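Here is a short report on one protein model. Please keep the sequence and the structure in view while reading.

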Amino acid sequence: INGDPGWVWIATTPDLTYYTVAHGRGFAQATDLVDADFDATLVHDGWAAYGGYQAATHQTCVAHLCRRADELICDLPAWARSTPRQVRDILEEALATRDDEETERRRVIDDLAERVELLAEQAQPHDECRKLVNHLYNNRHALFTFLADPAIDATSWRAEQGIRPTTVTRKVCGGNRSDRGALTQGRMMTLFRTATQQGIDAVDYLANLARAPDAATVAFFT
């Protein structure tokens, strides 16, 4: 934004996506999209700022953790690979249980939560393993929410897909010249993405809006 660092934020559901382009990446910027007292479920990548949503139920993205474990398995010396492999096993077992009966899912939740706690009690001689286990333990209450409620996604794939076009835009245009431009970009991305989700032709909608004698009479998205 005018040569200064900026971050694209996205909040999305199956029917609606909302974007902002902000100067920061803290809780204050998060609440521009989702109110601080939000008390439903948030699926996210584990970024610390989301911890400010104390009334919400959380699900940290399992795919992010799997990728991190895989990278460590490839990069760490052989003697340090046991920890990321154990983490990978825990996560894969959780994903494999998604379609099981509720009784089995709850049994697995208890079992995997205990394994995470045992892993946290073990000495971790490698710094990267220690960081991974600490992150897993600190987010232990948000690891298996998707098993307790199958309607909840195990990963933040909706947001990942929604954020990709903004990466292309940034690489093509280099960002925004002003805060007004950033605000306009957020509004336009919100409109086009939500229109696509709802099967609406955004160009037709904008044309009808521009021609309408009274913009308040133009029906918006459902």
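Leaving aside neighbours within four places in sequence, which residues is tyrosine 53 in contact with? The list is Phe27, Ala30, Thr31, Val34, Asp35, Ala36, Phe38, Leu42 and His58. This is a predicted model, and every value below is computed from it.

**Tyrosine 53**

Tyrosine 53 sits in the loop between β3 (41–44) and β4 (57–60). Is this residue, tyrosine 53, buried or exposed? With a relative accessible area of 2%, tyrosine 53 is buried. The cut-off for buried is under 20%. One of its contacts is Leu42. Leucine 42 and tyrosine 53 are eleven residues apart along the chain, and their C-alpha atoms are separated by 8.7 Å.

**Overall layout**

The protein has nine helices and four strands. From the N terminus on, the elements run β-β-α-β-β-α-α-α-α-α-α-α-α. The C-alpha trace spans about 70 × 45 × 30 Å along its principal axes.

The protein has 222 residues, and 35% of them count as buried. Take the contacts between residues at least 6 apart in sequence: 53% of these join residues at least 24 apart. The exposed area is about 13,300 Å². Carbon and sulfur atoms supply 50% of that area.

Now the charges. There are 23 positive and 32 negative side chains. The centres of the two sets lie 7 Å apart.

**Salt bridges**

Side chains of opposite charge can pair when their charged atoms come close. How many salt bridges does a search of the whole structure find? The search finds nine. The table gives three of them, including the closest distance between N and O atoms.

| Salt bridge | N to O distance |
|---|---|
| Arginine 88 with glutamate 92 | 3.1 Å |
| Glutamate 128 with lysine 131 | 3.5 Å |
| Aspartate 153 with arginine 158 | 2.9 Å |

Begin with the pair of aspartate 153 and arginine 158, whose side chains meet in a salt bridge. Aspartate 153 is partly exposed, at a relative accessible area of 23%. Arginine 158 also counts as partly exposed, at 27% relative accessibility. Elsewhere, salt bridges that share partners join Asp70, Arg88 and Glu92 into one network.

Within that network, arginine 88 and glutamate 92 belong to helix α3 (residues 82–96). They are four residues apart, so about one helical turn separates them. Arginine 88 counts as buried, at 18% relative accessibility. Glutamate 92 is partly exposed, with a relative accessible area of 38%.

Glutamate 128 and lysine 131 lie in helix α5 (residues 127–138). Here the spacing is three residues, about one turn of the helix. Glutamate 128 is partly exposed at 31% relative accessibility. Lysine 131 is partly exposed at 47%.

**Histidine 135**

Helix α5 also holds histidine 135. Does histidine 135 count as buried or exposed? At 19% relative accessibility, histidine 135 counts as buried, because buried means under 20%. Its neighbours within four places in sequence aside, histidine 135 is in contact with Gly46, Leu65 and Arg68.

**Surface patches**

Which residues gather in a patch of negative charge on the surface? They are Asp110, Glu114, Glu117 and Glu121. Glutamate 117 lies in helix α4 (residues 102–121). At 38% relative accessibility, glutamate 117 counts as partly exposed. A residue needs over 30% relative accessible area and no salt bridge to be part of a patch. Glutamate 117 therefore clears the area cut-off with its 38%.

A nonpolar patch is also present on the surface. Met188, Phe192 and Val203 make this patch, which covers about 260 Å². Methionine 188 is placed in helix α8 (residues 179–197). The relative accessible area of methionine 188 is 34%, so this residue is partly exposed.

**In brief**

Tyrosine 53 is buried, at 2% relative accessible area. Asp70, Arg88 and Glu92 form one network through salt bridges that share partners. On the surface are a patch of negative charge that includes Glu117 and a nonpolar patch that includes Met188.

Note on methods
Residues numbered from 1 in each chain as written. Predicted model: local features only at pLDDT ≥ 70, side-chain atom pairs only at ≥ 80, totals over all residues. Heavy atoms only, no water. Patch = residues over 30% accessible without salt bridge, like charges linked within 9 Å, V, L, I, M, F, W, Y side chains within 5 Å. Areas by Shrake-Rupley, 256 points an atom, 1.4 Å probe, with all protein chains shown as cover. Salt bridge = Lys/Arg side-chain N within 4 Å of Asp/Glu carboxyl O. Helix = DSSP H or I, 4+ residues; strand = E, 2+ residues; numbered from the N terminus. Buried < 20%, exposed > 50% of the residue type's maximum accessible area, 1.4 Å probe, protein only. Contact = heavy atoms within 4.5 Å. Lys, Arg positive; Asp, Glu negative; His and termini not counted. Charge placed at Lys NZ, Arg CZ, Asp CG, Glu CD.
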